[in-house]
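Visitor: I should like to look closely at one part of this structure, namely its aromatic rings. Please describe how they are arranged with respect to one another.

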Amino acid sequence: MRLFVYPALSSSARALLLQQLPSSVVSTFRQDLPPEQQQAHFRQAEVLLGNPPVEWFRTPRVAYSSGR
């Protein structure tokens, strides 16, 4: 599963979140990405944490295949 975390988290909040997630989850944090890559990672996510700009929802999602 791909998780995109939109809000900027403190290091302690980030660590707590990561501790709670199964190892199979691939987490991407907006704060770790340059601005030009953020929307692309959002579109690839299956789960979203936070409140990204509404414009990001108007762009079609990239198809994702789990390979199953």
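**The aromatic rings and their neighbours**

Guide: In this predicted model, the side chain of R30 lies over the face of Y6, at 4.1 Å from the ring centre. Y6 also belongs to a cluster, in which ring pairs link Y6 with F4, F42, W56 and F57. The count of aromatic pairs comes to five.

Let us consider the pair of F4 and F42. The centres of these two rings are 6.1 Å apart and their planes stand at 75°; since an angle over 60 degrees counts as edge-to-face, the pair is therefore edge-to-face. The pair links distant parts of the chain, for F4 is in strand 1 (residues 2–5) and F42 is in helix 2 (residues 35–44), 38 residues apart. Both F4 and F42 are buried.

F42 has a further partner in the cluster, W56. Here the distance is 5.3 Å centre to centre, with 50° between the planes, and the pair of F42 and W56 is tilted. Because F42 lies in helix 2 and W56 in helix 3 (residues 55–58), this pair ties together parts that are 14 residues apart in sequence. W56 is buried, as is F42.

An arginine is also placed over the ring of F29: R14 lies over the face of F29, at 3.9 Å from the ring centre.

To review the part requested, F4, Y6, F42, W56 and F57 are linked into a cluster by ring pairs, and R30 lies over the face of one of its members, Y6.

Conventions:
Residues numbered from 1 in each chain as written. Predicted model: local features only at pLDDT ≥ 70, side-chain atom pairs only at ≥ 80, totals over all residues. Heavy atoms only, no water. Phe/Tyr/Trp six-rings, centres within 6.5 Å; stacked < 30°, edge-to-face > 60°. Helix = DSSP H or I, 4+ residues; strand = E, 2+ residues; numbered from the N terminus. Buried < 20%, exposed > 50% of the residue type's maximum accessible area, 1.4 Å probe, protein only. Lys NZ or Arg CZ within 6 Å of the ring centre and 35° of its normal.
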